[in-house]
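These are my notebook entries on a structure that I had not examined before. I record each item that I looked up, in the order in which I took it.

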Amino acid sequence: MREPLQTELLDGSPNSRRQFLQQLVVAGAAVTAPAALPAMAQENSQPAQVGSGSSSHTGSLAQTLADFAVTLRYEDLPADVVRTAKRTILDTIGCAIGSYQAGPSRIATKLAAAVSAKPAATVFCSGIKTSHDHAVFANGVMIRYLDFNDAYSTPVGGGHPSDVLAALLSTAEIAGRSGRDLILAMALSYEVFCKISDVLDIKALGLDQSTVLGLTSLVGASRLMGLTAEQMVHAIGITVGGNTAIDQGRVGTLSNWKDFATAEASRKAMFSAQLAQAGMTGPSQIFEGPAGFFKVISHKPFELAKLGEPFSILRTVTKRFPLGQYAQSMAAAAAQLRSAFTNTDEIEEVNIHVSQNAVRVMAGSPDKWRPQSHETADHSMPYAAAVILMYGTIDDHYYEDPYLHDAHLLDLVGRVHCIPSTEADLHEKDYNLCDFEIVLKSGTRKSVRVEYQRGHWKNPMTDAEMEEKFRSLARRYLPTPRVDALLRQLWNLEQLPKAAALVEMTKV
């Protein structure tokens, strides 16, 4: 079993980096934007009538996030964090290209095409130039549609932190940022998403993951835009105060909302950052105040673990299957048991023992046994299990007709049982345990246990496997030489002067 990666400074001195960042936070220091700030950031670097406001924010969660965001440097990132960020960006762009022609992607692209703006940002694959926020939305829908981008799961929360790339890449384009800047913003954004997901119980509160993702996009994009810590605190207040989302969009029969909830949160976050950069103030003490998030939404305060120690991007899961994250270990188990029978008609029943959260999310309602939409199918554990047992694989075309109404397949789905496991609940903090059993009509029982499936951060995919996943998605629309060139650029992202080139290279 591979042990978790250890974070170190490139110079081998983690203590010096920790002390440096702590000193800056204590001093309330704010790093000014680089000299090459875009014109928009230069013009608005001194907000009108914002006031110092430091006394009202000192010690607040918003201030903590802002201080970390403006003080973190590329040089502070350990080598394994840089490498993981590049792998994640590569994987996420592949997922976006793969869903270019999906229905929700076409809707978002059509809306983006009707908007012109200066400065403009680019939509993946189409090359359409549009407003900053419309590009974020369209690219976010494409990233999310296949449910194939990475995941971060905790017993209380989690979701898909790589959804943030839509906000970061469009912002990097608008702001003229480099590949190194994009890598830094990605590592920073993951810190915000994952450290909050560790402690905010969105499952019990009925909140959607987009509540956290919107804040994540705000912080990462604000760093790329060159906001000061004070401006960022105001932007956080605007975003958190106005963009808290409920989880009904991921319950029961799933709609297209599953594909664009986080994209919409990111879109709104961009406007919050622009407002703050232009001098707009936001509500103070948005978390700690008498009518703040802690009082009204979470009903209790929470404290984040030390940011950057270690970097949370190292603990995310890369998906091998285009399925909800709770089904990744199940899919691996089903694939292993495919050799236990010759024909699925031999199967009497299938028993899948997973955590209560896995059952709730992916087998918690009758429609998961008779999915009527792509979105419900890729979040259905019994349907996915039956597809893999019958066909030996699974990809997004199995979430459409004729498969959704195939009587033979649905008969097998009806023989699948998803059973809550106390043991799986105990291990959920570390991995999604799956005990998968097939009972044949002959009476024979075959079972397999999967703990750290391929793609888990303790059993990571190789670079070659990451490339093959990328190619399988990108070659749907790009010729092989273009795919090769894009891969070369992604692996050498830190050398790219303008991150915007990545989007241009996806143009079909």
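**Entry 1: S421**

In the loop between which two elements is S421 found? I located S421 in the loop between β6 (416-420) and α20 (422-427). I note for these names that helices are DSSP runs of H or I with at least four residues, that strands are runs of E with at least two, and that both are numbered from the N terminus.

I should record at once that this is a predicted model, in which local features need pLDDT of at least 70 and side-chain atom pairs count only at pLDDT 80 or more, whereas totals for chains, interfaces and linings use all residues. Residues are numbered from 1 along each chain as its sequence is written, and side-chain values use heavy atoms, with hydrogens and water left out.

I then asked whether S421 is buried or exposed. S421 counts as buried because its relative accessibility is 11%; buried means under 20% relative accessible area, exposed over 50%, and partly exposed in between, with a 1.4 Å probe and protein chains only. Leaving aside neighbours within four places in sequence, I found S421 in contact (heavy atoms within 4.5 Å) with H353, V354 and S355.

**Entry 2: the chain as a whole**

I looked up the overall content next. The secondary structure of the chain comes to 23 helices and 8 strands. Of its 508 residues, 60% count as buried. I also noted the contacts between residues at least 6 apart in sequence: 77% of them join residues at least 24 apart.

**Entry 3: the loop between β1 and β2**

I examined two residues here, C125 and S126. C125 lies in the loop between β1 and β2, and its phi is near 70°, a positive value in a residue other than glycine. With 2% relative accessibility, C125 counts as buried.

S126 is found in the loop between β1 (121-122) and β2 (129-130). S126 has 18% relative accessibility and therefore also counts as buried. Not counting residues up to four places away in sequence, S126 touches Y100, T109 and K507. I checked a further pair: the C-alpha atoms of S126 and E504 are separated by 9.2 Å, although the two residues are 378 residues apart along the chain. Within the loop, the side chain of S126 reaches the backbone nitrogen of I128 at 3.2 Å.

**Entry 4: S60**

Where is S60 found? I placed S60 in the loop between α3 (54-57) and α4 (61-71). At 2% relative accessibility, S60 counts as buried. A polar atom of its side chain lies 3.1 Å from the backbone nitrogen of Q63. Beyond neighbours within four places in sequence, S60 is in contact with Q285 and E288.

**Entry 5: α7 against α13**

I turned to a pair of helices. Helix α7 (residues 132-145) and helix α13 (residues 257-278) pack with their axes 8 Å apart and at an angle of about 155°. The axes are lines fitted to C-alpha atoms, for helices over the stretch in contact, and the angles run from 0 to 180 degrees between N-to-C directions. The two helices are therefore roughly antiparallel to each other, a term for angles over 145 degrees.

Which residues of α7 meet α13? I listed H132, D133, V136, F137, G140, V141, R144 and Y145 in α7. Their partners in α13 include F260, A263, R267 and M270.

Following α7 onward, I came to D147 in the loop between α7 and β3 (152-153). D147 has a positive phi of about 55° although it is not a glycine. Its relative accessibility is 0%, so D147 counts as buried.

**Entry 6: α8**

Why is α8 described as largely enclosed by the rest of the structure? I found that 11 of the 11 residues of helix α8 (residues 165-175) are buried, so the description follows. Among them are L165, L168, E173 and I174. Just after α8, G176 takes a positive phi of about 70°.

**Entry 7: cis peptide bonds**

I recorded two cis peptide bonds. One joins E309 and P310, with omega about -5°, and P310 is found in the loop between α14 (293-296) and α15 (328-336). Another runs from D401 to P402, with omega near 10°; P402 lies in the loop between α18 (381-391) and α19 (407-413).

Definitions and conventions:
Angles under 35 degrees count as roughly parallel, over 145 as roughly antiparallel, 65 to 115 as roughly perpendicular and the rest as oblique. A polar contact is a pair of N or O atoms within 3.5 Å; within protein, one must be able to donate a hydrogen and the other to accept it, and residues adjacent in sequence count only if both atoms are side-chain atoms.
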